[in-house]
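Work through the exercises below with the sequence and the model open. Try each task before reading its solution.

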Amino acid sequence: MCRGRNAPGGRSNTHGVQPDKELSVTSDWSLRDRLKWLSSNKIIETEKRTSPHTTPFPSTEANNSGDRAMPTAFVVGLRPWRRNLKPWLPNRRIYRIGNKSTIASLLLACILCVYRKADVYVWGFKHPPFIDTFCSKFGIRLIRLEDGFVRSVYLGRQGVAPLSICFDETGIYFDPSRPSDLESIIQSYNFEADHALMERAERCLKQFIEQGFSKYNASPERDVLDIYGPKKGKRILVLGQVEGDMSLVKGLTHTIDNNELVRIAVRENPGAHIIYKPHPEVLHRTRTEPPQSDPNDVSDICQILEQDIALADAFATIDHVYTMTSLAGFEALVRGIKVTCLGAPFYAGWGATDDRQPVPRRTALRSPLEIFAAAYILYPRYFDIRSGRKVELEEALELLHRLRSSELRSGGAIAYEGVAEPHGHRRGNVP
């Protein structure tokens, strides 16, 4: 039986929860009553219907009788725009648990719903460390969420909602220490037999390259030849990342920073023109923690791109790309550029890249187009961020083209209700 603040027979403690030594899920409180009590005590939050302060997706909540029959989903500690998950999790009753909730509160909330086969959704690895073991022990599905590879015009840290999200029940694509749903698709899917898929992938990849798309698409078009200068020999592009990012923590067996990556490229390519492109979030100063290595420390051995340059433009005249685990390395690979990976991103280990960190599980040989089909078509989910309607990659690319064109015309970022606008930008209108 539940005990705690406002619970029958309960008394408050410093956490607002006083569970019995043995929690019974068959007490006289219904599941709905227990969740209502947890919500009223601010241990969890119920996903609300559309309001002036939420993303304007159509509500998918059912009436009271249908609502009670919905499967339950706990969403742990997501940033504000990520809380509006109704379109991504249809036909589920969603409860949000902030990272500030105590472990006892989270355990209590989950145990109350074990018999209802509740699912727990987390963003990458941003959750209390006990979550993995707890969900495994109690038979609760744990699904990790992460931005898809065609995300938006502006950066996620600028508060812009995504066009795509990856849902992974096995692991997550940037963690090579364990399998992931994406790795399983690349390893096991019969691409040769699925002619329709590969034709779709070829068309989408052609559009992706011709339109100069990337994961983020806010950088202005530039003639990089004016920046790079005349090409007199081999040209190497070194792709910087945010040091301390989870893709590096999980994707590298030995820690190196961006400057060391530059030095490796210089050592292995004597006489080549080395160009270092810092990560856009470092360039825009939207991520400064943990402290990042200083590009000026390698300015004597490379050219540093201090301008905001779109990846598609930065790849012009490049012969070879060096990266640790960056998605940008894959964007170079599908453009026919040789890629060296110091870590183990999802596209490494399949025979398409120069790999310095082996992943023994990855035994299939895959082409860049097959990896694209897996990562951009089979793995993520796409939604029209204006209506909440589920779409496929083709529609997402068309929407991204319209969004980018509209924002360039308006001189600012498209702002969706309930989603913060990037600093210094004004609203535009989607055609």
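The exercises go from the whole chain to strands, helices and single residues.

This is a predicted model, in which local features need pLDDT of at least 70 and side-chain atom pairs count only at pLDDT 80 or more, while totals for chains, interfaces and linings use all residues. Residues are numbered from 1 along each chain as its sequence is written, and side-chain values use heavy atoms, with hydrogens and water left out.

**Exercise 1. The chain as a whole**

Task: state how many helices and strands the protein chain has, and what percentage of its residues count as buried.

Solution. Begin with the DSSP runs: helices are H or I runs of at least four residues, strands are E runs of at least two, and both are numbered from the N terminus. By that rule the protein chain has 14 helices and 14 strands. Next take burial, where buried means under 20% relative accessible area, exposed over 50%, and partly exposed in between (1.4 Å probe, protein chains only). Of the 431 residues, 53% count as buried. Then turn to contacts, meaning heavy atoms within 4.5 Å. Among contacts with a separation of 6 or more, 63% are between residues 24 or more positions apart. Last, look for disulfides, defined as pairs of cysteine sulfur atoms within 2.5 Å; the count is zero.

**Exercise 2. Strands β2 and β3**

Task: determine how β2 and β3 run relative to each other, parallel or antiparallel, and which residue of β3 is the bridge partner of V75.

Solution. Two strands pair if DSSP finds at least two bridges between them. Five bridges join β2 (residues 72–76) to β3, and the two strands run parallel. The partner of V75 in β3 is R96.

Now examine the side chains of β3. In a regular strand they alternate between the two faces of the sheet. R93, Y95 and I97 point one way from β3, I94 and R96 point the other way, and all are buried. This agrees with the count for β3 (residues 93–97), in which five of five residues are buried.

Finish with V75 in β2. V75 counts as buried because its relative accessibility is 1%. Outside its neighbours within four places in sequence, V75 contacts L85, L89, I94, Y95, R96, I97 and Y121. The C-alpha atoms of V75 and W123 are 8.7 Å apart, with the two positions 48 residues apart in sequence.

**Exercise 3. The six-stranded sheet**

Task: give the strand order of the open sheet of six strands and name its edge strands.

Solution. The order is β9-β8-β7-β10-β11-β12, with parallel pairing. The edge strands, each pairing on one side only, are β9 (303–304) and β12 (354–355). Inside this order, β10 (residues 320–323) and β11 (residues 338–341) pair in the parallel sense over four bridges. H320 stands opposite K338 in β11.

Follow the chain into the loop between β11 and β12, where L342 lies. L342 has a relative accessible area of 6% and is therefore buried. Apart from residues up to four places away in sequence, L342 touches ten listed residues, including I256, L261, I264, Y322 and R356. The C-alpha atoms of L342 and I264 are separated by 9.6 Å, although the two are 78 residues apart along the chain.

**Exercise 4. Packing of α6 and α13**

Task: describe how the axes of α6 and α13 cross and which residues meet.

Solution. Two packed helices are described by the angle between their axes and the distance between the axes. Here axes are lines fitted to C-alpha atoms, for helices over the stretch in contact, and angles run from 0 to 180 degrees between N-to-C directions. The axes of α6 (residues 195–210) and α13 (residues 368–378) come within 9 Å and cross at roughly 90°. The helices are therefore roughly perpendicular, on a scale where angles under 35 degrees count as roughly parallel, over 145 as roughly antiparallel, 65 to 115 as roughly perpendicular and the rest as oblique.

L197, M198, R200, A201, E202, C204, L205 and F208 of α6 meet L369, E370, F372, A373, Y376, I377 and L378 of α13. The contact divides into 12 nonpolar, no polar and three charged residues, with Ala, Val, Leu, Ile, Met, Phe, Trp, Tyr, Cys and Pro counted as nonpolar, Asp, Glu, Lys and Arg as charged, and the others, Gly among them, as polar.**Exercise 5. A residue of α9**

Task: find which residues N259 contacts beyond its neighbours within four places in sequence.

Solution. N259 is in α9 (residues 258–268), and is buried because its relative accessibility is 3%. Its contacts are Y276, S293, D294, P295, D297 and V298.
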